Amino acid sequence: MYTLGEFVINNIDHFSYSIEELLRLFSSIKLASKAIHKEVNKAGLTKKIMGSSGITNIQGENQQKLDDFAHRAFIQSFKSRNVVCGIASEESKDFIVIKGKKENPIRNQYIVLIDPLDGSSNIDVNVSIGTIFSVYMRKSPIKMNLTIEDFLQKGKKQILAGYIIYGSSTILVYSTGNGVHGFTLDPSFGTFYLSHPNLCFPKTEKIYSINEGNYAKFSEGIRKFIKYCQEKKENRPYTARYIGSLVGDFHRNMIQGGIYIYPKTASSPEGKLRLLYECNPMAFLAEQAGGKASDGKNRILDIVPKKLHQRIPFVCGPIGMVSKLEEFMENCE
Ligand code: AHG
Ligand code: MN
Ligand code: MN
């Protein structure tokens, strides 16, 4: 059984840059995710990480204590491993610059974008939550100061993207553009082992995931697509599954065959999910798993981001299901 480290080393052709640097990136991600795993698994026992931090974050949302804990854990872990030069987090207004240590032989040239804790509304009720991460090469020359352009890159420029799901077990799923691979944490050992090599959307179309409580606020195209999913015809009706953690909903849909939809609504005309921290990494994984991701019309990975905390409508899943939804959108708007 391969550990994550062994798998990376045995597949050096999966990454076009330095393997030592990739191992440093994973070392940061693994350490922070194990710290979160530990906190999540005692959430019911301690008030320390349950509930609100009392702060409204940059998203205008009520920040949970675990959002803040996760944000700090990742920043600290990336800082001390000396491989990243800048981080933008869903929980921080501006990007964070990380100065490389002088004695470090590695030139810190990676940019990280992160949703430290996804599915915050599920923390206090023992339902799956996650972390989403995304890595790019900086655009500006190495000796210059970072600029916002280093962070506003098209999703197709990602060199590593993934998530950790803190569910019935803790699983790290990633892609460097050579398939999608999942590793389950053995908590007694503190090690991630390869458990889901080459994850792909299955041929079966089975599930649709959308917050149907917003039905009255959806566009006509989305409403018609929902009715299509519920129609008794061919392989339909699909079953509805929605837990309100993108990571959890995506993970299930990739394994069982389903479409995830967070469209724009009358009250959120831009959509709710964040292009840089949520949609781009998930779109990268969806495509690597043989699926498709769009805003209802355009490929997510081709969109030029305009600002750090940009929101966007988001659809991803098996190619046939996403294309069908796009057809409804085109015919109705
Ligand atoms: P976050 O906890 O990082 O703010 O993300 C929550 C997102 C996403 O994970 C989830 O799919 C969606 O918000 C749920 O939104 P609704 O509660 O509006 O359905
Ligand atoms: Mn999120
Ligand atoms: Mn979040």
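This report looks at how a predicted model holds one ligand and two manganese ions.

## The shell around ligand 1

Let's start with the company ligand 1 keeps. There are 18 residues around ligand 1, and those that come nearest are Asp118, Asn211, Tyr242, Tyr260 and Tyr262. Sorted by character, the shell has seven charged residues, six nonpolar ones and five polar ones.

Where in the chain do the residues of this shell come from? Domain 1 (4–196) and domain 2 (207–331) each give at least three of them. Looking at strands, β5 (110–118) and β13 (258–262) both put in at least two residues. The largest share belongs to β5, with three residues.

## Polar contacts with ligand 1

Zoom in on the oxygen atoms of ligand 1 and you'll find some polar partners. A polar side-chain atom of Tyr242 sits 2.5 Å from one of the ligand's oxygen atoms. For Lys272, an N or O atom of the side chain is 2.9 Å from a ligand oxygen, and for Glu278 the corresponding distance is 3.3 Å. On its own, ligand 1 would expose 470 Å², and the protein buries 86% of that.

## The manganese ion (ligand 2)

Which residues hold the manganese ion (ligand 2)? Its coordination comes from Asp115 (OD), Asp118 (OD) and Glu278 (OE), at 1.8 to 2.1 Å. Along the chain, these donors follow the spacing D-x2-D-x159-E. Asp118 belongs to strand β5 and Glu278 to helix α6 (residues 275–288), so this pair ties together parts that are 160 residues apart in sequence.

You've met two of these names already. Asp118 is among the residues that come nearest to ligand 1, while Glu278 has a side-chain N or O atom 3.3 Å from a ligand oxygen. Are Asp118 and Glu278 buried or exposed? Both are buried.

## The manganese ion (ligand 3)

The other manganese ion (ligand 3) is coordinated by Glu90 (OE), Asp115 (OD) and Leu117 (O), at 2.2 Å. Here the donor residues are spaced E-x24-D-x1-L in sequence. Why does the pair Glu90 and Leu117 tie together parts that are 27 residues apart in sequence? Because Glu90 lies in the loop between β3 (84–89) and β4 (96–97), whereas Leu117 lies in strand β5. Glu90 and Leu117 are both buried.

## How the two ions are linked

Finally, look at the two ions side by side. The manganese ion (ligand 2) and the manganese ion (ligand 3) are 3.7 Å apart. Asp115 is the residue to spot here, as Asp115 coordinates both ions.

Conventions. Residues numbered from 1 in each chain as written. Chains lettered and ligands numbered in written order. Predicted model: local features only at pLDDT ≥ 70, side-chain atom pairs only at ≥ 80, totals over all residues. Heavy atoms only, no water. Near = heavy atom within 4 Å. Polar contact = N/O pair within 3.5 Å; in protein donor to acceptor, adjacent residues only side chain to side chain. Areas by Shrake-Rupley, 256 points an atom, 1.4 Å probe, with all protein chains shown as cover. Helix = DSSP H or I, 4+ residues; strand = E, 2+ residues; numbered from the N terminus. Nonpolar A, V, L, I, M, F, W, Y, C, P; charged D, E, K, R; others polar. Domains from an automatic or database assignment. Donors = N, O, S within 2.8 Å, 3.2 Å for Na, K, Ca; no water. Buried < 20%, exposed > 50% of the residue type's maximum accessible area, 1.4 Å probe, protein only.
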